[in-house]
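User: I would like to learn how to read the features of a two-chain model, beginning with the place where the chains meet. Could you take me through it step by step?

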Amino acid sequence: MKAYAFDYVRAATLDEALALLERAGDGGKLVAGGQSLVPALNLRLLAPQLLIDIAHLPELRGITCDDTTIHLGAGTRHVELANSPLVAEHLPLLQMAVRHVAHAAIRNRGTLGGNLAHADPASELPACMIALEAVMLVVGPGGERRIDAADFFKGLYETALGPDEILVRISIPRSPAGARFHFNELARRAGDYAMAGLAIAMHGNSPQDMRIRPVFFGIGDRPVLARQAALCLEQAASLQDGLAAAQQALLGDLDPQDDLQADAGTRMQLAQVLLKRGLADLVAQGRG
Amino acid sequence: MTDPLSPLDRPNSYIGRTVPRPNLERLVEGRGTYVSDMTLPRMGHVVFVRSPYAHARILEIDTSVAKQAAGVIAVVTGAELVEQCSPWVGVLSHLKGLKSAPQHAMAVDRVCWQGEAVCAVVANSRAQAEDAAEQVQVRYEELEPVTDMRTALEPHIPVIHPELGDNLAFERSLDAGEVDKAFAEADAVAEAEFVFGRHTGVTLEARAVLADWNPGERRLTVYQGTQAPHMMQNIFAKHLALEEAQVRVVCKDVGGSFGIKVHVYADEMATAALSKRLKRPVKFVADRIESFVTDIHARDHVCKGRIAVKQDGTITAFAIDDLTGIGPYSMYPRTSAIEANQVVNLVGGPYQARNYRARARVVFQNKNVMCQYRAVGHPIACSVTEGLVDLAARAIGMDPLVIRSKNLIRDDAYPTDSPSGLKFEALSHHASLAKLKQMMDYDGLRAEQKRLRQQGIYRGIGIASFIEVTNPSAAFYGVGGARISSQDGVSVRMDATGAIIVQTSLTEQGQGSEALTAQVVASALGVALEKVRVILGDTDNTPYGGGTWASRGAGIGGEAAWQAGKALRMNILKVAGTILQTVPELLDIDQGVVVDKATGRERIGLDEVARITYFRPDTLPADFQAELLATRHYVPRQYPFAFTNGIQASWLEVDTETGFVTLLNHWCVEDCGTIINPQLVDEQIRGGVVQGLGAALFEHCRYDERGQLTNGTMADYLVPMASEMPDIEVGHVVSPTLESELGAKGAGEAGTAGAAAAVANAVNDALDPFDVTITEIPLTPSVILKALGQRSG
């Protein structure tokens, strides 16, 4: 199939992109890596009149670090995340996750901002953002807004981003010393969207100060922080002790649906297995 | 004592050598000629408006708005195109009782599957045609679809073609030996219902056709990605009211076929008819969604099987009851009954048991058409047979390799036949089994399996013996009245510089027909491979023949090439003998030079023979005429099919908590007779295995109860990919067919025939401690977890 005819503009600055977006109204669509958008265009699922290319905006580029926070430009390509020494040092969870995102050719072009704004419920990086308590910097005609990752993902392909706003930067607090991370997903083929996946960030060693954020993806219509399961684990004497209760708590935290790949029962089973294996990995890291 | 030299042991023989394919550089440099890339002056692009319903009456088609859209050349409905293209019925007379209904190039008053074309829009570009196609307004009255093959014959289910009386397209029964007695006297009987998901071929290049009706010469030239150009020439002529001589089919580079491109597709017929109607070139390239709803699907069988076994391991009987759904029409002209027919023919085929009962029923349904795809029927027959053999082994507590070695037809038993009447010239089941056992270190793997089970790691070994139908004679289609040639022809000529031009009726879709033809001709003649140029895929410029399908290229087209090469060699030596004043029998050709046969002494170069022949014939005797062109044809006569055999093994791990299967290794030992190019054969086996592994684990065309395909994209239909594939180790046993001098049998389908069976057996072997048996493919995580009873929520 061929896409509907559309116009294309490459914006030179963020202000120009915002102005174009405002003027285009409903007919405008941002494109950066195009790895989700272009297939949708070719399937005629979308019919924008104007594509505004923001892949080259300087305001969206760069990975930087200050005393408390890592800043990732929304235009950062997946391959840049994978190869960044700053990400490797401070955001190991992202480094673990990004290699599961599709295939190399797609990672070469696809961007972090595009991934997050697309909000595919089976995508790896949105879950990591929630686990890492990222903050999204978005800019619109009315100025800047900061949105917690936990509030950013609203549903299937749905975010808190306004139609006239652009996601500019993602800021992630540096993890405290001794933090541990786990990432795993169950995909039938390497590079596919997972049938179920789990990103975990945890810090603190003693039962009193331990905090854990297990975030599942590919299970519901958005990434889900398993709050009850986390509570079970934080209240238990050890991760192993909390496992059974946490697995049980997932029945309340998660609301999997049937789809082509698996029915809801299978998905719940996979989520519980992922949690068990994730905790075992974290325990092993703690010993290491 | 050394073996006597065979006719193949010629000077500078390329038989049995891995040499690069002549078309390799052209293809990898992107310099191929695929129909998808071709353009002609005044060419229109056709897009089809396709039915969103599985079954519906067409009430009205309003094309008025679409006709006004930008770039539109014509908008033509199915009813209108009847003027240009007559309908067809996909039956063959030797498949007794097979019935089907007339099928049109586009639906006329009723659509019978989701995706059937109802209206064509031709425009200056594909994008314009798609835009206009959205403006075609079709009013449908939805009819009750028949989707479940298990209930398709029940009285309350609508009959798709009322004039046929019922939804039963074909039924075949077979009863050989004393089946009831064998089951009554068995020490153990095992039975299971085997379920095979519908899947499809997924060629890298989609179906593509460019039809060019030239009113000036009243000829239709069709550039088409097809496996059988001469068959298509006949079909285009027949249904477009032309003489065959008015049709030329050109088939250049093709991006994969696997049996997908050997059938007559309604939209391709419509494209040719549109060219004739519009008097200009019209091109159709299926997009990926169209491919999923119109490329033939395959498999989709439910087969109940039973096996009778004695305590000593002797298998005494097989019985099967197979049911398959083929969509609303039997495909033309090869029909959609062949797969079920093959299942009946092949079940139990590797084994000595003489008691066999089978029934196969083929039913219509409102889903995409189904027909022959790589290894037609073999994966079904092999999975059922080998699944039953494993069940029998388990029932009597016998090792799977041991029960096979007790029951496989002995290597010294040939010629022999099967209970279903298949004639076997020479198979090598036991030599293959022995080789497999050694290659895979069977005993070592069993020890490893046992050790890992203690750690909660569940690995399994699956074995699958198989036979494969290759080198089909006229028994396949010709005897049933189809104008599908089972013979092939090859012309070989030497040009004025000594260069060799070969024209063959084989076609090339990536499997190496061009390479094997060049190797065979170079060997027969005694010239360097680089001197040989092969022309194929053009009904105007090649001898008449069948093309490339059913593992026939090397065995049939290869033998024709061998004979043509030999004939030309003799013709060349007659010229050389005349020049050298000797007899041709004392000469030979080596490395492009005529030599004394006895001593190898160089006498005259082929370039010099050619120069004299073409430019100084005045120097030759007046009563001698040189003939530097020879043509030979070949078809097997003695055996209707050259059966091959082999055995596969899978080694895999099942994650019993997630249902995921990890393939760890795969082995295939096969016997395709003489091997012309070892690398091409090995890659045929590997590619075939991968397609079988796809069926085992991933590929599935999933329809809902309304007959809607729910996964018609490459994101949702999972093809096997490199990351999930194991190493595939290939071994050979060589039993040449004595019917031809070359001795080659086919190798194209052996891999696909047994791979899924090996995987399914390995999964069940891995899950042996859980006492579950799974007989359904694809083996998805859901299927495995369900069997293990491990679902939450």
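User: How much area is buried between chain B and chain A, and what share of that area do carbon and sulfur atoms give?

Analyst: In this predicted model, the area buried between chain B and chain A is about 2,600 Å², and carbon and sulfur atoms contribute 51% of that area. Counted by residues, the interface brings 31 residues of chain B into contact with 27 residues of chain A.

User: How many salt bridges are counted between chain B and chain A?

Analyst: The count between the two chains is six salt bridges. Lys276(A) takes part in a salt bridge with Glu657(B), where the closest N and O atoms lie 2.1 Å apart. Across the interface of chain B and chain A, there are also 15 residue pairs in polar contact, with both residues at pLDDT 80 or more.

User: Which elements give two or more residues to the side of chain B that touches chain A?

Analyst: Those elements are helix H4 (126–133) and helix H19 (781–788) of chain B. H4(B) supplies the largest share of that side, namely four residues. Sorted by class, the side of chain B that touches chain A holds eleven nonpolar, nine polar and eleven charged residues.

User: Turning to one chain as a whole, how does the radius of gyration of chain A stand beside that of a compact globule?

Analyst: The idea is to set the value for the chain beside the one that a compact globule with as many residues would have; for 288 residues that is near 19 Å, and chain A has 19 Å, so the two agree. Along the principal axes, the C-alpha atoms of chain A fill a box of roughly 60 × 45 × 35 Å, and the secondary structure of this chain comes to twelve helices and 14 strands. Of the 288 residues of chain A, 53% count as buried. Among the contacts in chain A with a separation of 6 or more, 59% are accounted for by residues 24 or more positions apart.

User: How should I read a single residue, for instance His71(A): is it buried or exposed?

Analyst: The cut-off for buried is under 20% relative accessible area, and His71(A), at 17%, therefore counts as buried. His71(A) is placed in strand E5 (residues 69–73) of chain A. The side chain of His71(A) makes a polar contact of 3.0 Å with the side chain of Asp66(A), and another, of 2.8 Å, with the side chain of Ser171(A).

User: Where do the contacts of His71(A) lie, once its neighbours within four places in sequence are left aside?

Analyst: With those neighbours left aside, the residues in contact with His71(A) include Gly62(A), Ile63(A), Thr64(A), Arg169(A) and Ile170(A). Arg169(A) illustrates how sequence and space can be read together, as its C-alpha atom is 6.6 Å from that of His71(A), although the two residues are 98 residues apart in sequence.

User: In chain B, what does the side chain of Arg207(B) make a polar contact with?

Analyst: The side chain of Arg207(B) makes a polar contact of 2.8 Å with the side chain of Asp267(B), and a polar contact of 2.8 Å also joins it to the side chain of Asp295(B). Arg207(B) sits in the loop between strand E8 (188–200) and strand E9 (208–214) of chain B, and with a relative accessible area of 1% Arg207(B) is buried. Beyond residues up to four places away in sequence, Arg207(B) touches several others, among them Lys261(B), Tyr265(B), Glu268(B), Phe284(B) and Thr294(B).

Conventions
Residues numbered from 1 in each chain as written. Chains lettered and ligands numbered in written order. Predicted model: local features only at pLDDT ≥ 70, side-chain atom pairs only at ≥ 80, totals over all residues. Heavy atoms only, no water. Contact = heavy atoms within 4.5 Å. Buried area = accessible area lost by both parts, 1.4 Å probe. Salt bridge = Lys/Arg side-chain N within 4 Å of Asp/Glu carboxyl O. Polar contact = N/O pair within 3.5 Å; in protein donor to acceptor, adjacent residues only side chain to side chain. Nonpolar A, V, L, I, M, F, W, Y, C, P; charged D, E, K, R; others polar. Rg over C-alpha atoms; globule rule 2.2 N^0.38 Å. Buried < 20%, exposed > 50% of the residue type's maximum accessible area, 1.4 Å probe, protein only.
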